[in-house]
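The exercises below ask you to read a protein model step by step. Keep the sequence and the 3D view side by side, and try each task before you turn to its solution.

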Amino acid sequence: MHIRRISFLGMQTENFDAMTTFVRDVLGLPAGHLDDGWGVFRLESGDRDFVEVYRPGQYDERLLPAASTAPTVAFAVDDLLAARDELVAAGIEIVADIVWAADAFENPKLDGYGWLFFRAPDGNVYALQQERSPEPAGVMDSDAGK
C-alpha cells in the first residue's frame with residue numbers, strides 16, 4: 001500500500017457551531033458546504049482533501065461511521081481495492097466497506113473517488129481514500145513528455 005498524504009480529517013462534536021467557526025475563521029479554511037449539522041472545509045493539498053465537522057447523529061454514515069467517536073483521519077491511496085485487501089490480509093477490521101462517491105451521490109463526475117473505514121490496533125477508526133481509478137501499469141498521463 002502506498003500512502004500519498006493525509007486527505008481528510010473528520011470530527012464529530014457537540015460544539016458544532018464553535019468548531020465550524022474555528023475551522024473557518026481561525027484556521028482560515030474556506031467552507032465548501034455548511035449547514036446545521038455538517039461543515040466541509042477545503043484543504044489546499046488536493047481537490048478532494050477536506051476537514052469536515054459533524055454534529056453527532058446529523059450526518060450520512062457513509063461519510064463518517066457511528067463507530068468513530070474520535071477525530072477520523074483518512075490517508076490517500078492509489079488503489080483502494082488493493083489497499084483494502086492488504087488490510088484484510090493483515091487482520092485489520094473493516095468498519096465500513098468501500099463507498100464509491102459516484103454511486104453514493106449519483107454523480108458520474110465523482111467516478112473513481114471512494115473510501116473505506118477501518119479500526120486500527122489503537123482502537124480508533126481511520127479511513128483510506130482513492131481519488132480516481134488506478135491506471136493500468138504502463139499508462140502515462142497525456143502530458144508526459146511535453
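Five exercises follow, each with a worked solution, and they concern a predicted model.

**Exercise 1. The overall plan**

Task: Find how many helices and strands there are in the chain, and state the pattern that the chain follows along the sequence.

Solution: Begin by counting the elements, which gives three helices and eight strands in the chain. Next, read along the sequence and write down each element in turn, so that you arrive at the pattern β-α-β-β-β-β-α-β-α-β-β. Then turn to burial: of the 146 residues of the chain, 39% count as buried. The accessible surface comes to about 8,300 Å², and 52% of this surface belongs to carbon and sulfur atoms. Finally, consider the contacts in the chain with a separation of 6 or more, of which 56% are accounted for by residues 24 or more positions apart.

**Exercise 2. The two sides of helix α1**

Task: Decide which residues of helix α1 are buried, which are exposed on the other side, and what the buried ones pack against.

Solution: First locate α1 at residues 16-26, where Phe16, Thr20 and Val23 are buried. These three cover an arc of only 65° around the axis, and therefore they lie on the same side of α1. Now look at the other side of the helix, where you find Asp17, Ala18 and Val26 exposed. The buried residues of α1 pack against four strands, namely β1 (3-12), β2 (31-34), β3 (38-42) and β4 (50-54). As a last step, follow the chain beyond the helix to Gly28, whose phi is positive, near 80°.

**Exercise 3. How the strands pair**

Task: For the strand pairs β1 with β5, β1 with β4, β2 with β3, and β3 with β4, state whether the pairing is parallel or antiparallel.

Solution: Start with β1, which pairs with strand β5 (residues 72-77) in the antiparallel sense over six bridges; within this pair, Ile3 has Val77 as its bridge partner. β1 also pairs with β4, here in the parallel sense and over five bridges, and Gly10 stands opposite Glu52 in β4. Move on to β2 and β3, which run antiparallel and are joined by three bridges, with Ala31 opposite Phe41 in β3. These two strands form a hairpin, and three residues lie between them. To finish, β3 and β4 pair in the antiparallel sense over five bridges, and Gly39 stands opposite Val53 in β4.

**Exercise 4. Helix α2 and its surroundings**

Task: Identify the buried residues of helix α2, and describe what lies at its start and just after it.

Solution: In α2 (residues 80-89), the buried residues are Leu80, Ala83 and Leu87. Because the arc they cover around the axis is only 60°, they are on the same side of α2. The face turned away from that buried side carries the exposed residues Leu81 and Ala89. Among the elements that cover the buried residues of α2 are β5, β6 (93-100), β7 (114-119) and β8. At the start of the helix, a side-chain oxygen of Asp79 reaches to within 3.2 Å of the backbone nitrogen of Leu81, while just after α2 Gly91 takes a positive phi of about 80°.

**Exercise 5. Gln130 and the aromatic rings**

Task: Work out whether Gln130 is buried or exposed, which backbone atoms its side chain reaches, and how the rings of Tyr113 and Trp115 are arranged.

Solution: Gln130 lies in strand β8 (residues 125-130). Its relative accessibility is 2%, and since buried means under 20%, Gln130 counts as buried. The side chain of Gln130 reaches the backbone nitrogen of Leu80 at 2.6 Å, and the backbone oxygen of Gly112 at 3.0 Å. If neighbours within four places in sequence are left aside, the residues in contact with Gln130 include Asp79, Trp100 and Tyr113.

For the rings, note that a search of the whole structure finds four aromatic pairs. One of them is formed by Tyr113 and Trp115, with 5.5 Å centre to centre and 65° between the planes. Since planes over 60 degrees apart count as edge-to-face, this pair is edge-to-face. Both Tyr113 and Trp115 are buried. Elsewhere in the sequence, Phe75, Phe118 and Tyr126 form one aromatic cluster.

Note on methods:
Residues numbered from 1 in each chain as written. Predicted model: local features only at pLDDT ≥ 70, side-chain atom pairs only at ≥ 80, totals over all residues. Heavy atoms only, no water. Buried < 20%, exposed > 50% of the residue type's maximum accessible area, 1.4 Å probe, protein only. Contact = heavy atoms within 4.5 Å. Areas by Shrake-Rupley, 256 points an atom, 1.4 Å probe, with all protein chains shown as cover. Arc of directions from axis to C-beta. Polar contact = N/O pair within 3.5 Å; in protein donor to acceptor, adjacent residues only side chain to side chain. Pairing = 2+ DSSP bridges. Phe/Tyr/Trp six-rings, centres within 6.5 Å; stacked < 30°, edge-to-face > 60°.
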